[in-house]
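Subject: Structure handover

Dear colleague,

Here is the structure I said I would pass on. My notes on what was found in it follow below.

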Amino acid sequence: MSCHRLMGAIAAIALLVPAASNAQQFTYSIEDRPQFSLEIPEGWTLQVRPSSDPRRPRLVALAPADDVWVGAWALEKVESFEQAKSYVSEFLEGLIGSAEATQDWKDETYNGMPVRHMAGKGTEITEEGEGEAVEFKVAFFEFGPGRVGVVLVIGSSAASASHEAALDALISSLRPVAS
């Protein structure tokens, strides 16, 4: 993919629109078609990172002290929450060792969209090969028939606690976008 096309794709993925709640609203698009939006807390930074499918990059938000990582993306070839659980279990294995649930899966509806979420804790393996205790949240959401996305939050226990309200607001801000 040429640099020009890549930059165009990135620009189409994250559209910044100021929101009334001092948050930044971002719209995730696939091939110039809006899919879902979410609000990133004020002061957080957003990055667009590549995934295995260049049409489906990952949106990554970082807390001001880079102590909490939030990723959001549309899952490819995943049409149900059960398939999404399998995908995320494999994804988390590479990031978090000895992961265990601290909150069971819960089904809710946010902004007219089915959402299934849970929380857990484990040990994140650092680049130095050492383990760091972390907490995580996972939320799957169906933003259209057979279209499933994920929000994944990872941070230290202290950081997760200090950002809890902002993270809950971020997850509950998810909205489908008619395409």
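**Salt bridges**

D168 has a relative accessibility of 36% and so counts as partly exposed. Its side chain meets that of K137 in a salt bridge, 2.7 Å from N to O. This pair links distant parts of the chain, with K137 in strand 9, D168 in helix 4 (residues 164–172), and their positions 31 residues apart. Please keep in mind that this is a predicted model.

The structure holds 4 salt bridges. Another of them joins the side chains of R116 and D107, at 2.6 Å from N to O. The two partners differ in exposure: R116 counts as buried because its relative accessibility is 16%, under the 20% limit, whereas D107 counts as exposed at 52%, over the 50% limit. R116 and D107 also belong to a network of salt bridges that includes E82.

R33 and E31 form a salt bridge as well, with their closest N and O atoms 3.8 Å apart. Here R33 is partly exposed at 42% relative accessibility, and E31 is partly exposed at 45%.

**Overall make-up and confidence**

The chain contains 4 helices and 11 strands. Of its 179 residues, 41% are buried. The accessible surface comes to about 9400 Å², and carbon and sulfur atoms account for 51% of that. Taking the contacts between residues at least 6 apart in sequence, 47% join residues at least 24 apart.

The average pLDDT of the chain is 81, and 88% of the residues score at least 70. Residues 1–20 have a pLDDT below 50; this stretch has 28 contacts in the model beyond near neighbours in sequence. Where pLDDT is low, the predicted coordinates should not be read in detail.

**Nonpolar core**

The largest nonpolar core has 47 residues, and the members that touch the most others are F36, V70, V138 and V151. Strand 9 (residues 131–144) gives the most to this core, contributing 7 residues.

What does V138 touch, not counting residues up to four places away in sequence? Its contacts are V88, L92, W105, R116, H117, M118, V150, V151 and L152. R116, listed there, is the buried partner in the salt bridge with D107.

**Aromatic pairs**

A search of the whole structure finds 6 aromatic pairs. One of these is W105 with F140, which is stacked at 5.2 Å centre to centre, with 15° between the planes. W105 lies in strand 7 (residues 96–110) and F140 in strand 9, so the pair ties together parts that are 35 residues apart in sequence. F140 is buried at 0% relative accessibility, while W105 is partly exposed at 33%.

Y28, F36, F141 and F143 form one aromatic cluster. F36 is thus named twice in these notes, as it is also among the core residues that touch the most other members.

**S37**

Is S37 buried or exposed? With a relative accessibility of 4%, S37 counts as buried, because the limit for that class is under 20%. S37 sits in strand 3 (residues 33–40). Leaving aside neighbours within four places in sequence, S37 is in contact with Q25, F26 and T27, and also with S173, L174, R175 and V177.

Regards

Terms used
Residues are numbered from 1 along each chain as its sequence is written. This is a predicted model: local features need pLDDT of at least 70, side-chain atom pairs count only at pLDDT 80 or more; totals for chains, interfaces and linings use all residues. Side-chain values use heavy atoms; hydrogens and water are left out. Helices (H or I, at least four residues) and strands (E, at least two) are DSSP runs, numbered from the N terminus. Buried means under 20% relative accessible area, exposed over 50%, partly exposed in between (1.4 Å probe, protein chains only). Contact means heavy atoms within 4.5 Å. Accessible areas come from the Shrake-Rupley method with a 1.4 Å probe; for residues, only the protein chains shown count as cover. pLDDT is the predictor's confidence in each residue, from 0 to 100. A nonpolar core is a set of buried Ala, Val, Leu, Ile, Met, Phe, Trp, Tyr and Cys residues joined through side-chain atoms within 4.5 Å. Rings of Phe, Tyr and Trp (its six-membered ring) pair if their centres lie within 6.5 Å; planes under 30 degrees apart count as stacked, over 60 as edge-to-face and the rest as tilted.
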